[in-house]
Amino acid sequence: MLSLQGDAVDAINRSVELTEAERIDRLRLIRSDNVGPRTFRSLVDHFGSPRAALERLPDLARRGGAARSGRICSADEAKAELAASRKFGIAWRAPGEDGYPPRLAMIDDAPPLLAVRGDTKTLMRPMIAIVGSRNASGAGLKFAGQLARELGEAGFVVISGLARGVDQAAHRTSVESGTIAVLAGGHDCIYPPEHGDLLAAILDHAGAAISEMPLGHEPRARDFPRRNRLISGASLGVVVVEAAHRSGSLITARMAAEQGREVFAVPGSPLDPRAAGTNDLIKQGATLVTEAADIINAVQPIMERPLIHPAGEPDSEPFESDPQSNDRDQITGLLGPAPISIDDLVRMSGASPAIVRTVLLELELAGKLERHGGGLVSLL
């Protein structure tokens, strides 16, 4: 079986180190109403810095039709959150900083700041995600553990979501070699609660835990898909061990494919509904896995390619400073509750991409737009 040489690191072409003021500005912007990771990046690309973007939020929201501007996180609130995090042993890292998984920084909705606890060296190493059913079969749990152990022996870090079932088996078997837990809530809101001891073991053995949520945030249903994009985004590839139809693990696999990651699936009995999703993934082109070597052989060529850090690069499609009202009306009229692609909006409206992007940003900051995967948007 192939293995990594020494303490392999996911090398990246540049690194940064934020000042405390820059970290506060970043936290203020991402904690302000209606600002998600994609919107954050668009704002910073256009206005040049989080501080400049913060100054423009009220005007943009007003232009989007908001009756009043949304809440803007204050400097005092951001400082208090950073201080509380430090007491909990959490460091907030930005893309390009040491401790921010390099491959996670490459996705278009990478968290502008990531709450990191544990060994930062582990977070810089090549990762393979293992996910699957919460009510996995005994065979599924055994095989997930076997894969995790062999991947750890080959030098990979195993990353998963700290859930019951397959996630738990993958974490527990790779504690000694290095594993990362991705949390759906804040670092002090572990789900499920009984996995507090597992997380403690991970942190005690040079592992790590990451989250984009503040302390005190209890995970809700919509937070788990957000967590899943971090699992797939940080990894070279995602292995699905068992997954029924409509499983959350299939959401992770879909996100992995959208992010350009490898998707692996372990085949199962056609008579077991817990294998229906994985068998479908194989039919759709996922790499069939019966041993860790199947995964290692597939990702080895990927590791030889240099990583290009996207953060801070100029936006190739700038915004319009102030679209005309007829442009806004036309673009808004094409939107509805059904998702539509931004490319279709450009084509149907006849407006420039810059104008369409600006109108969408205004609507989003006014709380009237929802962004979906694959460049789709809809009205709320």
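In this predicted model, R134 is in contact with A163, R164, G165, F224 and R227, leaving aside neighbours within four places in sequence. R134 lies in the loop between β3 (127–131) and α6 (138–153). The C-alpha atom of R134 is separated by 6.3 Å from that of V166, a residue 32 places away along the chain. With a relative accessible area of 44%, R134 counts as partly exposed, because that value falls between the 20% limit for buried and the 50% limit for exposed.

**Backbone geometry in loops**

Most residues other than glycine have a negative phi, and most peptide bonds are trans. Two residues depart from the first pattern. N34, which is not a glycine, has a positive phi of about 65 degrees, and A206 has a positive phi near 60 degrees. The table sets out their surroundings.

| Residue | Phi | Loop | Relative accessible area |
|---|---|---|---|
| N34 | about 65 degrees | between α1 (20–30) and α2 (37–47) | 34%, partly exposed |
| A206 | near 60 degrees | between α8 and β6 (208–211) | 38%, partly exposed |

The peptide bond from Y191 to P192 is cis, and its omega is near -5 degrees. P192 sits in the loop between β5 (179–182) and α8 (196–204).

**Helices α13 and α14**

Two packed helices are described by the angle between their axes and the distance between the axes. For helix α13 (residues 325–334) and helix α14 (residues 342–349), the axes come within 10 Å and cross at roughly 125 degrees. The crossing therefore makes α13 oblique to α14, since an angle of 65 to 115 degrees would count as roughly perpendicular and one over 145 as roughly antiparallel. The crossing of α13 past α14 is right-handed. On the α13 side, Q330, I331 and L334 take part in the contact, and they meet L345, M348 and S349 of α14. Sorted by class, this contact of α13 with α14 has four nonpolar and two polar residues, with no charged ones.

**The sheet of β10, β12 and β11**

Strands of a sheet pair through backbone hydrogen bonds, either parallel or antiparallel. Here three strands make up an open sheet with the order β10-β12-β11 and antiparallel pairing. β10 (340–341) and β11 (369–372) are at the edges and have a single partner strand each, so one side of each is without a neighbour in the sheet. β11 runs antiparallel to strand β12 (residues 376–379), and four bridges join the two. Opposite E370 stands S378 in β12.

Note on methods
Residues numbered from 1 in each chain as written. Predicted model: local features only at pLDDT ≥ 70, side-chain atom pairs only at ≥ 80, totals over all residues. Heavy atoms only, no water. Buried < 20%, exposed > 50% of the residue type's maximum accessible area, 1.4 Å probe, protein only. Contact = heavy atoms within 4.5 Å. Pairing = 2+ DSSP bridges. Axes fitted to C-alpha atoms, helices over the stretch in contact; angles between N-to-C directions. Parallel < 35°, antiparallel > 145°, perpendicular 65-115°, else oblique. Left-handed = near helix turned anticlockwise from the far one by under 90°. Nonpolar A, V, L, I, M, F, W, Y, C, P; charged D, E, K, R; others polar.
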